[in-house]
Amino acid sequence: MRRPAVPKVLWGAAALALVAGCSSTSAPGDPAAGSASPPAASSPAAPSSATPSSGAPAGGGRVTVAGTLTEGLRSPWGLAALPGGDLLVSSRDERTVTRVDGRSGERTPLGEVPGVVPGGEGGLMGLAVREGWVYAYLTAEADNRIVRMRYGGGDGDRLGTPDPVLTGIPKGTVHNGGRIAFGPDGMLYAGTGETGETGLAQDRGSLGGKILRMTPDGKPAPGNPFPGSVVYSYGHRNVQGLAWDGEGRLWAAEFGQNTWDELNLVEPGRNYGWPAAEGRAGKAGFVDPVAQWPTSEASPSGIAYARGAVWMAGLRGERLWRIPLSGAERSGAPEAFLDGEHGRLRTVLADGAGRLWLMTSETDGRGTPETGDDRILRLEVR
């Protein structure tokens, strides 16, 4: 399907709030004191497979593309908001970070991040911003790791030298995870993959196939379910979407293998089933997803929360899914938007005012790039 051109527009963005891709494929220290424990979440409703809706979305929430902020990005992956409304974008394969003006779309290169070793689904991936630091999830020579770099102040538009925050996350050609985000509790969360070694997901001694929770300097966060460990939940295949709803509950999207992709409500210490379960299994000891999709319709990467729903970007599915919520449960069937109109969709980011940024992923080696790819689109949610 040919994708229509989208006009470039200027948008006076408000300060964006960071909320939170692997492509579709078949194939520690003492806790710091003084931080709050993670918010509790109630049990989700039973999930069902998703089907697009042709009528008005249940409870409202229709999305339209208002224009393009910038285009011509190469292998974009991570997207983070700076105070004041500008954006930071990582290039997975080029190992660079670029600042994008939130009004004009003008781009300012901030440089290449040292130590990144791109390959397969690995490279420079998720970004997060906190108090003068830019955090990055990246693939290094021997592992995946999280680093942080000083940004701003007297250094101007330059990134400082990367300092390791957390090392030793397993790396592979596929399933490297890569999404990072700061939660409402001030802790840093990371979604990781099992690198194709399925047993890592159930091994609580491994950082692969997990959601991790840590202090900003990489120590196990207070209140974590396993003492002395940054592991927050386990039994995941490849987590690339993290977002919190308006009541502080954590939601995560992850890739299935050949059958079901998942949206999960994440609770501390719970087992999400991989590799014994893919999608809804109803097995004792495992948490079933709140929603699931055939892998051809999703292959989910980034997610965001806005106007009472989780919005989920699909790579292979080439569509944006809306999952309406009522507390910890779905309030209606998931609905698809922008089906095939803009190609592979990598990352979605909420701006705190009910609008979204959406970043495409046609230049990651698995898409069919056209003139202008890749893009950041401005979405209006009504």
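Which residue in β9 does Ile146 stand opposite? Ile146 stands opposite Leu166, and I would like to start from that pair and work outwards through the structure, keeping in mind that what we have here is a predicted model.

The pair belongs to the contact between strand β8, residues 144–150, and β9, which pair in the antiparallel sense over 4 bridges. These two are part of an open sheet of 4 strands, in the order β6-β7-β8-β9, with antiparallel pairing. At the edges of this sheet stand β6, residues 124–130, and β9, residues 163–169, and because each has a single partner strand, one side of each is left without a neighbour in the sheet. On average, and ignoring direction, neighbouring strands of this sheet are turned by 15 degrees against each other. As general background, strands of a sheet pair through backbone hydrogen bonds, either parallel or antiparallel.

Let me turn to the other open sheet, with the order β10-β11-β12-β13, where 4 strands again pair in the antiparallel sense. Here the edge positions are taken by β10, residues 180–182, and β13, residues 231–234; each has a single partner strand, so one side of each lacks a neighbour in the sheet. The twist in this sheet averages 20 degrees from one strand to the next. Between β12, which spans residues 210–214, and β13 there are 3 bridges, in the antiparallel sense, and within that pairing Leu212 stands opposite Val231 in β13.

Val231 also brings us to a loop residue, since Ser206 is in contact with Pro170, Leu200 and Val231, once its neighbours within four places in sequence are left aside. Ser206 itself is found in the loop between β11, residues 188–191, and β12. Is Ser206 buried or exposed? With a relative accessible area of 9%, Ser206 counts as buried, because the cut-off for that term is under 20%. A polar atom of the Ser206 side chain lies 3.0 Å from the backbone nitrogen of Gly208.

Finally, I come to the hairpin formed by β2 and β3, which has 5 residues between its strands, and in whose turn Gly84 has a positive phi of about 100 degrees. Strand β2 is joined to strand β3, residues 87–91, by 4 bridges, and the two run antiparallel; the bridge partner of Leu79 in β3 is Val89. How many of the 6 residues of strand β2, residues 76–81, are buried? The count is 6 of the 6, and therefore β2 is largely enclosed by the rest of the structure.

Terms used
Residues numbered from 1 in each chain as written. Predicted model: local features only at pLDDT ≥ 70, side-chain atom pairs only at ≥ 80, totals over all residues. Heavy atoms only, no water. Pairing = 2+ DSSP bridges. Axes fitted to C-alpha atoms, helices over the stretch in contact; angles between N-to-C directions. Buried < 20%, exposed > 50% of the residue type's maximum accessible area, 1.4 Å probe, protein only. Polar contact = N/O pair within 3.5 Å; in protein donor to acceptor, adjacent residues only side chain to side chain. Contact = heavy atoms within 4.5 Å.
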